[in-house]
Amino acid sequence: MMFVAAAAALIAGMVLALARAFAGPTVYDRILAVNHIGTQTVLLIAVFGFITERPDFLDISLLYALINFIATIAVLRYVKRRRARTDEQP
């Protein structure tokens with residue numbers, strides 16, 4: 001029962017982060033909110049695997065964590081390069 005409450009709390013946190021992703025004043029706030037949603041998703045997959053007694057889900061959550069990390073770094077580098085190009089142009 002406690003793990004169901006943890007899953008509900010994770011989903012509530014994801015909803016709040018989604019609201020922040022839409023309302024973020026800067027692009028970095030939005031990226032951080034999306035990264036937070038990805039991290040919460042990793043935790044949710046792990047909790048769901050524990051609830052259903054399937055340890056395979058831990059492997060899936062680790063893979064999702066790696067994909068989330070790489071995607072966040074890629075988006076940040078893209079935004080950084082795009083800003084550098086717009087700052088150079090007169």
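# Exercises on a predicted three-helix model

Phenylalanine 48 has a relative accessible area of 45%, so this residue is partly exposed. The model is a predicted one, and the exercises below use values computed from its atoms.

## Exercise 1: Aromatic pairs

Determine how many aromatic pairs the model holds, and classify each by the angle between the ring planes.

Solution. Step one is the count, which comes to 2 aromatic pairs. Step two takes phenylalanine 3 and phenylalanine 50, whose rings lie 4.4 Å centre to centre with 55° between the planes; this pair is tilted. The two residues are 47 apart along the chain, with phenylalanine 3 in helix α1 and phenylalanine 50 in helix α2, and the pair links distant parts of the chain. Step three adds the accessibilities: phenylalanine 3 is partly exposed at 40% relative accessibility, while phenylalanine 50 is exposed at 52%. Step four turns to phenylalanine 48 and phenylalanine 57, with ring centres 5.6 Å apart and planes at 25°. Planes under 30 degrees apart count as stacked, so the pair of phenylalanine 48 and phenylalanine 57 is stacked. Of these two residues, phenylalanine 48 is partly exposed, and phenylalanine 57 is buried at 17% relative accessibility.

## Exercise 2: The nonpolar surface patch

State which residues form the nonpolar patch on the surface, and which elements supply two or more of them.

Solution. The patch consists of Met1, Phe3, Val4, Phe50 and Ile51, and together they have about 560 Å² of accessible area. Helices α1 (2-23) and α2 are the elements that give two or more residues to the patch. Methionine 1 is placed in the segment before α1. With 85% relative accessibility, methionine 1 counts as exposed, because the cut-off for that class is over 50%.

## Exercise 3: Helix α3 and its cover

Compare the span of helix α3 with its expected span, then identify its buried residues and a helix that covers them.

Solution. Helix α3 runs over residues 56-88, 33 residues in total, and reaches 49 Å from its first C-alpha to its last; this is close to the 48 Å expected at 1.5 Å a residue. Its buried residues are Phe57, Ser61, Asn68, Thr72 and Val79. Helix α2 (27-51) is included in what covers them. Threonine 72, in helix α3, serves as an example: its relative accessible area is 14%, so threonine 72 is buried. Leaving aside residues up to four places away in sequence, threonine 72 touches Ile31 and Asn35. An α-helix has 3.6 residues a turn, so residues three or four places apart point the same way.

## Exercise 4: Glutamine 40 and alanine 8

Assign glutamine 40 and alanine 8 to their helices, and decide for each whether the residue is buried, partly exposed or exposed.

Solution. Glutamine 40 belongs to helix α2. Its relative accessible area is 12%, and buried means under 20%, so glutamine 40 is buried. Not counting residues up to four places away in sequence, glutamine 40 touches Leu10 and Met14. Alanine 8 lies in helix α1 and, at 45% relative accessibility, counts as partly exposed. To place alanine 8 relative to a residue farther along the chain, take threonine 52: the two are 44 residues apart in sequence, and their C-alpha atoms are separated by 15 Å.

How values were computed
Residues are numbered from 1 along each chain as its sequence is written. This is a predicted model: local features need pLDDT of at least 70, side-chain atom pairs count only at pLDDT 80 or more; totals for chains, interfaces and linings use all residues. Side-chain values use heavy atoms; hydrogens and water are left out. Helices (H or I, at least four residues) and strands (E, at least two) are DSSP runs, numbered from the N terminus. The expected span of a helix is 1.5 Å times one less than its number of residues. Buried means under 20% relative accessible area, exposed over 50%, partly exposed in between (1.4 Å probe, protein chains only). Contact means heavy atoms within 4.5 Å. Patches are made of residues with over 30% relative accessible area and no salt bridge: like charges are joined within 9 Å, nonpolar side chains (Val, Leu, Ile, Met, Phe, Trp, Tyr) within 5 Å. Accessible areas come from the Shrake-Rupley method with a 1.4 Å probe; for residues, only the protein chains shown count as cover. A salt bridge is a side-chain nitrogen of Lys or Arg within 4 Å of a carboxyl oxygen of Asp or Glu. Rings of Phe, Tyr and Trp (its six-membered ring) pair if their centres lie within 6.5 Å; planes under 30 degrees apart count as stacked, over 60 as edge-to-face and the rest as tilted.
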